[in-house]
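Hi everyone, thanks for coming. I'd like to walk you through a protein that is new to most of us, so please have a look at it on the screen.

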Amino acid sequence: AFNRDPDVNGLGNSALLYLFSHIEFIKQQMARDNVQFVRFESIDLHGVSRSKNVPSRFFQEKAIHGIAMPRSYLELTLNPKDNELDYIDATNFNCDIILNPDLSTFRILPWTEQTARVICDSFTVLGTPLMTSPRHIAKKQLSQLQDNGFSLHSAFTYEFCIYGITEVVNSKTISFPAATILNNHDQTFIQELIEGMYYAGANIESFSSSSGPGQMEITFHPAFGLDSADSAFTFRTGLKEVAKKYNYVASFFSESGFYNSGALSHSLWDVNGQKNLFSAGYGVEELSELGINWLSGLLAHTAAISCLMAPTTSCRKSYSKYSKESKETVNAKWAFNDNSCAFNVKCHGGKGTYIENKLSSAAANPYLVLAATIAAGLDGVKRGLRYDDMLEEENHTGDLKHSSIPLKLEDALVALEKDSCIKEALGETFIRYFVAMKHYELETEEMDSERNKCLGYFI
């Protein structure tokens with residue numbers, strides 16, 4: 001059976017030995033902890049978990065050969081109508097894809113009985129990576145960083161709302177638990193959440209109440225590479241499952257005037273992770289030359305990446321707080337230690353210097369946020385961009401200016417299609433699909449009476 005599988009057959013002896021020893025180690029762990037089911041988990045374009053569960057007796061087979069899933073589970077709209085989608089033929093929307101587990105992400109879930117999970121990468125049945133896979137796109141950008149001698153140190157900060165469960169989930173009937181600055185409205189829930197996340201692979205550094213009723217904020221401990229996005233993905237699913245145990249509903253969706261941010265704090269390091277390349281010196285409120293180039297790249301591509309950072313109409317409303325200069329666009333500002341800016345540069349002593357990308361909403365897909373941030377920043381480094389020069393060179397052709405954020409999702413999608421750098425970095429196939437999917441959502445946006453469908457999906 002192994003000889004018939006092209007993926008396994010293509011592995012060298014050392015790789016095969018590592019694969020089987022890793023599987024054997026996991027099987028021993030499963031036996032010791034009486035794990036009966038394993039969740040093979042992937043992420044769709046909206047950032048929501050899509051998974052298949054298998055009994056533990058089939059784990060080895062699925063770990064080697066992968067597990068089949070309809071492609072439409074990952075490449076989806078909220079209400080797909082096959083005859084209205086012009087990209088189905090191009091992407092084989094109705095065929096199967098294979099989920100291949102990343103065994104390093106295997107974790108036993110503390111909040112679910114006798115269940116473990118493993119994060120998977122998506123492949124076609126012929127073994128090629130799925131070009132619309134957010135995790136694949138993020139890994140590709142991290143590989144680009146490595147090829148240029150860099151690594152990324154990053155962490156997400158998420159805001160989310162905790163609701164009391166009601167019969168109908170909408171803005172009129174949702175009830176918020178009484179939140180206090182001490183987070184003692186339900187200490188048992190919070191403690192199980194934080195401890196459980198640690199064992200599931202999401203290392204939460206701090207948590208607190210946020211500005212709205214029932215709104216909380218958590219910050220992950222920074223990590224190198226893909227771990228920050230994997231942690232965010234783990235948290236997005238686990239939070240909802242732990243909340244349900246306590247008769248709460250947890251949501252990252254921005255609704256009824258409550259905006260949930262999903263900021264990405266990040267810094268560029270050398271490839272060995274030994275030196276922060278954004279730092280101009282200890283305790284100095286200043287960006288290095290490389291940091292200036294990176295920030296300039298973020299500003300140069302703000303319009304295009306904004307639709308990946310804020311992918312729904314409701315989460316884009318927060319952009320208007322950055323400026324009152326225009327009805328169509330606002331300017332993305334940056335500053336040192338100013339939380340009102342789109343890009344907040346922080347120089348906090350021991351942590352060194354890092355940039356907080358506050359364009360991102362909690363509704364955004366964390367892998368796409370990571371990938372878009374790298375693509376824009378790395379372009380600034382490669383071209384040696386400086387924001388001062390960018391202002392001087394501003395053309396007057398009527399195109400969007402550098403650092404402009406379109407307030408309408410439609411305009412942001414146009415900017416994404418016109419940005420050849422981001423399109424090349426993330427892949428034309430993905431960009432074409434993402435834009436088509438978002439246009440379809442805008443054209444078929446539910447009426448107020450149908451909002452429960454959309455809100456229910458994101459919850």
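Let me begin with a word I'll use a lot: a residue is buried when its relative accessible area is under 20%, exposed when it is over 50%, and partly exposed in between, using a 1.4 Å probe and protein chains only. Please keep in mind that this is a predicted model, where local features need pLDDT of at least 70, side-chain atom pairs count only at pLDDT 80 or more, and totals for chains, interfaces and linings use all residues. Residues are numbered from 1 along each chain as its sequence is written, and side-chain values use heavy atoms, with hydrogens and water left out.

So, the overall picture. The protein has 459 residues, and 54% of them are buried. There are 15 helices and 17 strands; these are DSSP runs numbered from the N terminus, with helices being H or I of at least four residues and strands being E of at least two.

Now let's go inside. What I call a nonpolar core is a set of buried Ala, Val, Leu, Ile, Met, Phe, Trp, Tyr and Cys residues joined through side-chain atoms within 4.5 Å. The largest one holds 93 residues, and Phe220, Phe235 and Trp294 touch the most other members. Helix 10, residues 366–383, gives this core its largest share, 11 residues. At least three residues come from each of domain 1 (17–130) and domain 2 (138–169 + 176–320 + 328–425), with the bounds taken from an automatic or database domain assignment. Apart from this core lies another, of 22 residues, including Leu19 and Val35.

Which residues are in contact with phenylalanine 220, leaving aside its neighbours within four places in sequence? Contact here means heavy atoms within 4.5 Å. Among them are Ala155, Phe156, Tyr158, Ile204 and Phe235.

Leucine 264 is a nice one to find on the screen, in strand 12, residues 262–270. Is leucine 264 buried or exposed? It counts as buried, because its relative accessibility is 0%. With the same neighbours left aside, leucine 264 is in contact with residues including Ala155, Phe156, Ile355, Val369 and Leu370. Its C-alpha atom is separated by 9.7 Å from that of serine 361, 97 residues apart along the chain.

Next, helix 6, residues 187–200. Its 14 residues should span 20 Å at 1.5 Å a residue, and the end C-alpha atoms are 20 Å apart, so the two agree; the expected span is 1.5 Å times one less than the number of residues. Phe189, Ile190, Leu193, Ile194, Gly196, Met197 and Ala200 are buried in this helix. An α-helix has 3.6 residues a turn, so residues three or four places apart point the same way. Right after helix 6 comes glycine 201, with a positive phi near 105°.

Finally, some loops. Arginine 57 sits between strand 2 (49–55) and helix 3 (59–65), and it is exposed because its relative accessible area is 68%. Asparagine 34 lies between helix 2 (13–32) and strand 1 (37–43), and its phi is positive, near 55°. Asparagine 337, in the loop between strand 14 (334–336) and strand 15 (343–347), also has a positive phi, about 50°, although it is not a glycine. Most residues other than glycine have a negative phi.

That's my tour, thank you for listening!
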